[in-house]
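Biologist: I am new to this structure. Could you take me through it?
Modeller: Certainly; please have a look at it here.

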Amino acid sequence: MTPLSTRFKQALAGTFKSLYSILPMILAVIGLVGLYQTIVTPQMLHSLFSGAPLQDTLIATLVGGVSVGQPFLSYIIGGELLKEGISLYAVTAFILAWVTLGVVQLPLEWAIFGSRFTIMRNLLSFIFALLVSWVTVATLSTLS
Amino acid sequence: MNTKQAPKPKNRSGWIMLLITLLLYGVSAFLDVSIARSALNKSLDVLKMIAPILLVVFFLLALMNTFIKPKSIVRYLGKGSGLKGWFFALAGGVLSHGSSYVWYPMLSELRDHGARDGLIVAFFYARAIKLPWLPLMVGYFGIVFTLVLSFYILLGAWIQGVIADKIVAKI
């Protein structure tokens, strides 16, 4: 049996080869994140909402899905939207879509996991952003 | 686990994507240099933030390849892993740190060695619970909202995993 140290060295070499192979895609995604954060401002996101709960929930899921950045940004934008009278359904869907959907990293997910997995996972995340926001607000209404 | 790695993007899609991104930066710089500079600074900030996590993930991957046998992965995350599998996927998702794409190589490796798609789907959705940011969520939306949402995220992650397994079984 191969000694442990040799196996570890081989494994390290393998993982760095793996890192090297996905590095261009990771750098591309990071570059797109920077561009997105510079060009798309929170004010632009605010302006997309109309105040109609159903329409806003769908828009919020789509906007959350294409947004990138730290999760706390979605809480801050969501908190501001709530203050401006946007429904809690829409704000919850926005927060969920922000962290569970990822249009910017889609090419990387597609390249690593394949088309079937990527489409299935993103579709499920989209549907569940709507469902989870609905049951969350319904539960809160029942509790209050 | 054997040392065969999974450099998934076998084609040149990564390089093409990088080239497109560079072209977009070129166009931005042509239109307004300050936009390109600001975007580059933001990207460098992201890179600085994820680089240590990425290195930890790849070190974990090397350890996993050295010590864990594929049979163990199948037992804990494969078909018939039962409650154990769901527990590892949901807890792993909640505890995992950093951007989701940092975890792609490790999850892909686990998948190649028998981990179910449903568990990977559940892992990704459970990542919607961001432990370090929960106090901020409580500050904005209240403790009840945070608890109810976190509960439904975990439930949703599990249901999505079950649905994903059923879809995969039918294909």
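Biologist: How many residues does each chain bring to the contact?
Modeller: In this predicted model, chain A brings 59 residues to the contact and chain B brings 55 residues.

Biologist: On the chain B side, which elements give two or more residues?
Modeller: They are helices H1 (13-31), H2 (33-67), H5 (104-112), H6 (117-126), H7 (134-141) and H8 (143-170) of chain B. With 13 residues, H2(B) gives the most to the side that touches chain A.

Biologist: And how do the residues of that side divide into nonpolar, polar and charged?
Modeller: On the side of chain B that touches chain A, 36 are nonpolar, 14 are polar and 5 are charged.

Biologist: Let us turn to B:Val144. Where is it found?
Modeller: B:Val144 belongs to helix H8 of chain B. Leaving aside neighbours within four places in sequence, B:Val144 is in contact with A:Leu140 and A:Leu143.

Biologist: Why does B:Val144 count as partly exposed?
Modeller: B:Val144 has 13 C-beta neighbours inside 10 Å, so it counts as partly exposed; a buried residue would need 20 or more, and an exposed one has 12 or fewer.

Biologist: New topic: which residues touch the most other members of the largest nonpolar core?
Modeller: That core has 80 residues, and those touching the most other members are A:Val29, A:Phe94, B:Ala122, B:Tyr125, B:Ala126 and B:Ile153. Helix H1 (residues 4-39) of chain A supplies the largest share of this core, 10 residues.

Biologist: What does B:Ile153 touch?
Modeller: Not counting residues up to four places away in sequence, B:Ile153 touches A:Val132, B:Tyr125, B:Ala126, B:Ala128 and B:Ile129.

Methods:
Residues numbered from 1 in each chain as written. Chains lettered and ligands numbered in written order. Predicted model: local features only at pLDDT ≥ 70, side-chain atom pairs only at ≥ 80, totals over all residues. Contact = placed C-beta atoms within 7 Å. Helix = DSSP H or I, 4+ residues; strand = E, 2+ residues; numbered from the N terminus. Nonpolar A, V, L, I, M, F, W, Y, C, P; charged D, E, K, R; others polar. Core = buried A, V, L, I, M, F, W, Y, C linked by C-beta atoms within 7 Å.
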